[in-house]
Amino acid sequence: MISMIILISILTVISFVLDKKKTLKGIKKGIMMFVKIIPTLLSVIILVSIVLYFTTNDILIKYLGNEAGIEAYVFAAIIGAVSIIPGFISYPLAGILVNTGVSYSVISVFITTLKMVGILTIPLEAKFFGYKISLLRNGLAFIGALIVGAVMALIFKNSII
Amino acid sequence: MKINRKKYFVDFTIIIAFVIFIAYSFLSGYNPGISILKDNFWVFLKEMILALPVMFILVGLFDVWVSKEKVQKYIGKTSGIKGILLVILLAFMQAGPMYAAFPVAYILWKKGTSSTNIFIYLSSASIAKIPMVTFEIGFLGLKFSLLRILISIPVFIAISFIMGKYFNKNKCKINDV
């Protein structure tokens, strides 16, 4: 993230040197878009914070555990779809889950839905894409994550059932 | 700036309810409330404050500098497999959460990117951002990461084609928020 900020700052400076007026116009456009999205963004973050509070590590281990069978995949997909956990938290967490005996294929479903499906961010997505497209995209991504998990299970020879 | 009240009604209701809840939690020492604010809300807010404004500035600059013709040529409707590869490459270099990719998707679409490529962009940005992959390998191993990425790409390209078809068929559009 820091590298992204540095890169964009450098680009902005270059842009400014090349064309002052154009740059200011661009920045203004960007900031206006950001300001308009703030209320939705805040309410989404609030909902995410509350849901995340209830998704503790113990719950994850309990529902994604090795003996859980096919339910583990379904739970992994649902928990991943509902929560949004930033990468710097979710990967260490996934590491812990693997160490407690959660299979790699279940982890792949969890990580995929975590990143691709965001039930709580649908209001935000819908601001750009509309509800129809957002719901369809999330639904298909959910199925896609299960397919990824199934292929991973074949490769890692985990039993699905 | 004028704020459309109806448009933000649900958002403001949630925000006000949350403020009241947090204020109550602090006054009465209700621990879950304090924990939600400190451990969860604050972490996300920080991420958002870092990630989003710069992404939006990038979007604004892209808007004024890059011509529609260029975008259309490289990742537009007729760009084919080269366009797909370019979009994936572009997405892999992204940073930040998925919602940071939405404004980028808007500007790419406005400039003439094909709808399928838009969805490929969104998926790829979530499959494997290079800064995040290095992190993933550290915790879950190279084999897991590579397999996950290699399996995800075809699955989500297929999904993007379905999305693109649906998008065009229903004459959908992407709004500037």
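Start with A:Phe128 in this predicted model. If you ignore its neighbours within four places in sequence, A:Phe128 still has plenty of company: in its own chain it is in contact with A:Met33 and A:Ile37. From chain B, its contacts are B:Phe102, B:Pro103, B:Tyr106, B:Lys173, B:Ile174, B:Asn175 and B:Val177.

So what is A:Phe128 part of? It belongs to the largest nonpolar core, a set of 100 residues. A:Phe128 is among the members that touch the most other members, along with A:Ile107, A:Phe110, A:Phe129 and B:Leu122. Which helix gives the most residues to this core? That's helix α2 of chain B, residues 31–65, which puts in ten. Domain 1 (1–51) and domain 2 (66–177) of chain B both supply residues too, so the core lies between them. Those two domains come from the domain assignment of chain B, and their centres, taken over C-alpha atoms, sit 31 Å apart.

Now let's look at how the two chains meet. Chain A brings 73 residues to the contact, and chain B brings 74. Together they bury about 7000 Å², and 83% of that is on carbon and sulfur atoms.

What about charged and polar partners? The rule finds one salt bridge across the interface of chain A and chain B. You can look for it at B:Asp63 and A:Lys29, whose side chains meet at 2.8 Å, N to O. Across this interface there are also ten residue pairs in polar contact, counting pairs with both residues at pLDDT 80 or more. Which helices of chain A help build its side of the meeting place? At least two residues each come from α1 (2–18), α2 (20–54), α5 (87–99), α6 (104–116), α7 (122–129) and α8 (131–156). Helix α2 of chain A gives the most to the side that touches chain B, with 27 residues.

Finally, hop over to B:Lys171, in the segment after α8 (142–169) of chain B. Here's some background: most residues other than glycine have a negative phi. B:Lys171 has a positive phi, near 50°, and it is not a glycine. Is B:Lys171 buried or exposed? It's exposed, with a relative accessible area of 72%, and the cut-off for calling a residue exposed is over 50%.

Definitions and conventions: Residues numbered from 1 in each chain as written. Chains lettered and ligands numbered in written order. Predicted model: local features only at pLDDT ≥ 70, side-chain atom pairs only at ≥ 80, totals over all residues. Heavy atoms only, no water. Core = buried A, V, L, I, M, F, W, Y, C linked by side-chain atoms within 4.5 Å. Buried < 20%, exposed > 50% of the residue type's maximum accessible area, 1.4 Å probe, protein only. Helix = DSSP H or I, 4+ residues; strand = E, 2+ residues; numbered from the N terminus. Domains from an automatic or database assignment. Contact = heavy atoms within 4.5 Å. Buried area = accessible area lost by both parts, 1.4 Å probe. Salt bridge = Lys/Arg side-chain N within 4 Å of Asp/Glu carboxyl O. Polar contact = N/O pair within 3.5 Å; in protein donor to acceptor, adjacent residues only side chain to side chain.
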